[in-house]
Amino acid sequence: MQPLEFAIPDSLRRVAFLATPHAWMNDAMWRILVDDAGLADVWQAIAVLAGAGTTSHNSALASWALARTLR
């Protein structure tokens, strides 16, 4: 959960952005807190995080519905 700017090679940073929403959150927080970016500057990260949250929520609902059906 450390910022990706510290001791992480560029190749691993690319993998992190493809594989985890944490990379998007870390990057957005770094840009807001350190680079004084605004919401307009981090809207892509917000969209990715919203999509990840929606996907997780839908998976949870589907699991609940399946468990209910199998009872």
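The following questions and answers concern a predicted model, taking up a helix pair, a loop residue and a cavity.

Q: How are helix α1 and helix α2 oriented to each other, given that their axes cross at roughly 110 degrees?
A: Two packed helices are described by the angle between their axes and the distance between the axes. For α1 (residues 10–19) and α2 (residues 21–33), the axes come within 5 Å and cross at roughly 110 degrees. Angles of 65 to 115 degrees count as roughly perpendicular, and α1 and α2 are therefore roughly perpendicular to each other.

Q: How many nonpolar residues are there in the contact of α1 with α2?
A: From α1, the residues R13, A16, F17 and A19 meet P21, A23, W24 and D27 of α2. The residues of this contact include 2 charged and no polar ones, while the nonpolar residues number 6.

Q: Is D36 buried or exposed?
A: D36 is placed in the loop between α2 and α3 (43–70), and has a positive phi of about 60 degrees although it is not a glycine. Most residues other than glycine have a negative phi. The relative accessible area of D36 is 68%, and since a value over 50% counts as exposed, D36 is exposed.

Q: Which helix gives the largest share of the lining of the largest cavity?
A: The whole structure holds 1 cavity of 30 Å³ or more, and the space in the largest cavity is about 30 Å³. Its lining consists of P3, L4, E5, R13, N26, D27 and W30, which divide into 3 nonpolar, 1 polar and 3 charged residues. The largest share of this lining, 3 residues, comes from α2.

Notes: Residues are numbered from 1 along each chain as its sequence is written. This is a predicted model: local features need pLDDT of at least 70, side-chain atom pairs count only at pLDDT 80 or more; totals for chains, interfaces and linings use all residues. Side-chain values use heavy atoms; hydrogens and water are left out. Axes are lines fitted to C-alpha atoms, for helices over the stretch in contact, and angles run from 0 to 180 degrees between N-to-C directions. Helices (H or I, at least four residues) and strands (E, at least two) are DSSP runs, numbered from the N terminus. Angles under 35 degrees count as roughly parallel, over 145 as roughly antiparallel, 65 to 115 as roughly perpendicular and the rest as oblique. Contact means heavy atoms within 4.5 Å. Ala, Val, Leu, Ile, Met, Phe, Trp, Tyr, Cys and Pro count as nonpolar, Asp, Glu, Lys and Arg as charged, and the others, Gly among them, as polar. Buried means under 20% relative accessible area, exposed over 50%, partly exposed in between (1.4 Å probe, protein chains only). On a 1 Å grid over the protein atoms alone, a cavity is a set of points where a 1.4 Å probe fits but cannot get out, and a pocket is an open set with protein on both sides within 12 Å along at least five of seven lines; lining residues have an atom within 4 Å of a point. Grid points are joined across faces, edges and corners, and a volume is the space filled by probe spheres set on the points.
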